[in-house]
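Open the model in your viewer and set it to cartoon. Keep side chains ready to switch on.

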Amino acid sequence: KKVSPVGSAVSDHLKESLKDPAFRAEYERLAPYEALARIVIMRRGSLGLTQAELATRMGTTASAISRIESGQHATSARTLKKLGDALGARAVLGFEFGPVEHPERELVFL
């Protein structure tokens with residue numbers, strides 16, 4: 001099998017790494033935070049805001065925004081509320097009960 005001069009694709013590396021149970025567990029644990037990070041980055045970008053400007057809107061620091069956007073840290077409900085307000089959105093938390101195919105959702109708007 002030939003290897004590209006620039007190495008292997010990230011997706012190939014990820015596929016191989018997910019075979020390791022410890023890696024898979026950490027990957028799955030971080031998935032929601034990384035999804036939130038993508039949302040914040042995209043919305044902040046569409047609003048033309050820097051991390052510092054978003055931080056000012058939230059009453060926090062650019063460092064805190066950087067941590068959220070890294071996708072590596074849990075974010076509290078209070079911070080989600082502030083993020084929603086600063087990005088012109090509503091933060092929503094909730095639970096799903098019942099089967100995955102047809103869950104019953106109970107949501108709270110922060």
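Start with α2 and α4, which are oblique to each other. This is a predicted model. The angle between α2 and α4 is about 125°, and their axes lie 7 Å apart. Why oblique? Angles of 65 to 115 degrees count as roughly perpendicular and those over 145 as roughly antiparallel, so the α2 and α4 pair falls into the oblique class.

Now show side chains at this contact. On α2, select A37, V40, I41 and R44. On α4, select I68, E69 and S70. Colour them by class: four are nonpolar, one is polar and two are charged.

**Next stop: α3 against α4**

Stay with α4, residues 62-70, and add α3, residues 51-58. Their axes come within 8 Å and cross at roughly 105°. That crossing makes α3 roughly perpendicular to α4. Which residues meet here? From α3, pick Q51, A52, L54, A55 and M58. From α4, pick A62, I65, S66 and E69. By class, the α3 contact with α4 has six nonpolar, two polar and one charged residues. Keep E69 selected for a moment: E69 is in the contact of α4 with α3, and E69 is also in the contact of α4 with α2.

**Next stop: α2 against α5**

Go back to α2, residues 21-47, and bring in α5, residues 77-87. This pair packs at about 25°, with axes 11 Å apart. Angles under 35 degrees count as roughly parallel, so α2 and α5 are placed in that class. Turn the view to look across the pair: α2 passes α5 in a left-handed crossing. On α2, select L36, V40, R43, R44 and L47. On α5, select L80, L83 and L87. The contact has six nonpolar residues, two charged ones and no polar ones. V40 and R44 of α2 are in this contact, and V40 and R44 are in the α2 contact with α4 as well.

**Last stop: the largest pocket**

Switch on a surface. The largest pocket has a volume of about 370 Å³. Its lining has 18 residues, and those closest to the centre are L36, I39, L80, L83 and A91. L36, L80 and L83 should still be selected, as they belong to the α2 contact with α5.

Which elements supply the lining? α2, α5 and β1 (92-97) each supply at least two residues. α2 gives the most, with seven. Finish by colouring the lining by class: 13 residues are nonpolar, three are polar and two are charged.

Terms used:
Residues numbered from 1 in each chain as written. Predicted model: local features only at pLDDT ≥ 70, side-chain atom pairs only at ≥ 80, totals over all residues. Heavy atoms only, no water. Axes fitted to C-alpha atoms, helices over the stretch in contact; angles between N-to-C directions. Helix = DSSP H or I, 4+ residues; strand = E, 2+ residues; numbered from the N terminus. Left-handed = near helix turned anticlockwise from the far one by under 90°. Contact = heavy atoms within 4.5 Å. Nonpolar A, V, L, I, M, F, W, Y, C, P; charged D, E, K, R; others polar. 1 Å grid on protein atoms, 1.4 Å probe; cavity = no way out; pocket = protein on both sides within 12 Å on 5 of 7 lines; lining within 4 Å. Points joined across faces, edges and corners; volume = space filled by probe spheres on them.
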